[in-house]
Structure formats: structure tokens, C-alpha cells
Amino acid sequence: MNVHENDPYPDVSALGGLDPALRREAESRGLDLGLSPWPGDPVVIDTRRGYLTVDTEPGRRLFRLRVHIPAAGWDLGATDDLGALVEAVAAWRQGVPHGELEARFDFLDLDAFTRAREAGEPTVSQWADLLATDFHRAEWPLLRRLHADEALRNAYPTISHHAVRLRVDPMYYMSRQVLVHEPDDGRYKVLRVGVPGAEWTEVPSGALTAHLRAALYDAPSS
């Protein structure tokens with residue numbers, strides 16, 4: 001008897017798991033999924049629009065696709081067609097617009113994810129959580145000052161070692177970002193994260209918001 005006779009995933013089993021099966025399918029189609037060199041279950045794929053996970057439904061053939069952003073996640077759809085799944089993941093990584101994705105791949109349903117992004121999530125919830133958490137009471141004055149600025153409140157905030165990190169895109173961990181620290185009342189230091197040779201710079205209180213706006217949103221000089 002064929003060992004895969006009752007296996008809904010014979011193609012996956014033959015290659016030793018979902019990760020190598022995705023790699024083989026993508027390679028056969030000339031696509032790059034950006035898979036990690038360290039296979040896992042579920043398979044995790046970093047993208048500029050959050051990270052995707054792919055896993056399987058036990059007992060029947062169904063590949064499930066889910067997107068995750070900080071503190072939230074949404075089911076995007078499921079299909080029994082490994083090739084269609086691979087093409088959808090590749091298109092997502094390439095930045096294909098949501099409407100076009102749903103038109104091309106009928107198993108995708110992006111409505112809940114799209115509504116959340118249009119409502120400013122997860123940034124809105126993250127600001128609310130930080131400003132309501134007693135653990136971050138010492139950072140509340142700085143957080144409130146940053147949140148009061150209409151541009152800076154659109155950046156995704158986190159706190160590490162008493163410094164506030166503002167990131168332009170919550171979906172992409174390498175998007176432009178800065179660290180802001182208030183070592184003393186009314187004194188501010190700023191670090192441009194990811195800029196070669198960048199160092200902590202002391203910024204006058206009156207220039208803080210303008211400095212941060214420029215660091216996060218101004219086009220880099222050529």
C-alpha cells in the first residue's frame with residue numbers, strides 16, 4: 001500500500017514538510033517567498049505588510065494563510081492548491097494592492113484586515129495602551145507630547161529602557177524610526193535608528209517635534 005494513500009498532503013510529506021514544499025513550489029514557478037533559513041511550524045514569512053504564517057488543516061487538505069502585525073492577526077484565507085497559495089504569498093510580498101489580490105486569488109478575504117488598517121490599527125491601540133499603562137507612567141509626559149502632534153501620532157510607538165521608539169510603518173520592522181529619550185525634565189535626546197554612524201543628539205525642547213518629523217518623514221537628501 002502507498003504510504004501516502006490516506007495522507008491529504010502527499011506532495012508535502014514526500015519533501016519532508018511544508019517549508020521544503022513551499023520552497024520547491026516557489027522555485028518551480030520562479031518566485032521568491034523570502035523564506036527564513038530556519039524552517040518552523042507554522043511557516044513564517046516576513047514582508048513589508050506584516051508577517052505571514054502558513055500552516056495546514058489536520059485531517060484534510062487545506063493550506064491556511066494568516067497575516068500578523070503587532071498585537072493582532074487576521075485569517076486571509078485557505079486553499080487546497082499549494083501553487084495558488086505560493087503565488088498569493090509572492091504577490092503579497094511584491095506589494096500587489098489588496099483589491100487586485102482578491103481579484104486574482106478567489107480564496108483570499110482581506111476585508112477585516114483592510115478595515116483595521118484604514119482605521120489606523122495597530123497604531124491607535126498601541127498609543128492608547130501605552131498612555132493607560134501604569135508601568136509606563138514615567139514616560140507619560142513624553143508620550144503625551146509626541147501624541148499631541150498630528151504627524152507623530154501616526155507613527156507606531158514602543159518603549160524600551162525608558163526611550164520611546166517611533167516607527168513610520170507598524171507593518172515593517174525596518175521602516176524609518178527614531179528613539180527619543182528624556183533623561184531629565186525638559187531635556188531630550190534623539191537617535192535615528194538604522195542610520196550608519198548615527199549617535200544620540202541632544203535636541204532643544206522647542207525643536208523636538210520638528211526634529212522628529214524631519215527624521216521620520218522628510219525625504220533623505222541626495
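1. A good place to start is the aromatic cluster: W74, W92 and F113 are linked by ring pairs. Please keep in mind that this is a predicted model. Across the whole structure, the search turns up 5 aromatic pairs.

2. One of these pairs deserves a closer look. W74 and F113 form an edge-to-face pair, because their ring planes stand at 70° and the cut-off for that class is over 60 degrees. The ring centres of W74 and F113 are 5.5 Å apart.

3. As for what this pair joins, W74 belongs to strand β4 (residues 72–79) and F113 to helix α5 (residues 111–118), so the contact ties together parts that are 39 residues apart in sequence.

4. Are the two partners, W74 and F113, buried or exposed? W74 has a relative accessible area of 16% and is buried. F113 is buried as well, at 2% relative accessibility. Both values fall in the buried class because its limit is under 20%.

5. W92, which belongs to the ring cluster, also has a charged companion. R49 sits over the face of W92, 4.6 Å from the ring centre.

6. Do look at D80 too. This residue is in the loop between β4 and α3 (82–93). D80 is partly exposed, with a relative accessibility of 47%.

7. Which residues does D80 touch, leaving aside its neighbours within four places in sequence? D80 is in contact with R61, L62 and F63. By way of a distance across the model, the C-alpha atoms of D80 and R192 are separated by 45 Å, with the two residues 112 residues apart along the chain.

Note on methods:
Residues numbered from 1 in each chain as written. Predicted model: local features only at pLDDT ≥ 70, side-chain atom pairs only at ≥ 80, totals over all residues. Heavy atoms only, no water. Phe/Tyr/Trp six-rings, centres within 6.5 Å; stacked < 30°, edge-to-face > 60°. Helix = DSSP H or I, 4+ residues; strand = E, 2+ residues; numbered from the N terminus. Buried < 20%, exposed > 50% of the residue type's maximum accessible area, 1.4 Å probe, protein only. Lys NZ or Arg CZ within 6 Å of the ring centre and 35° of its normal. Contact = heavy atoms within 4.5 Å.
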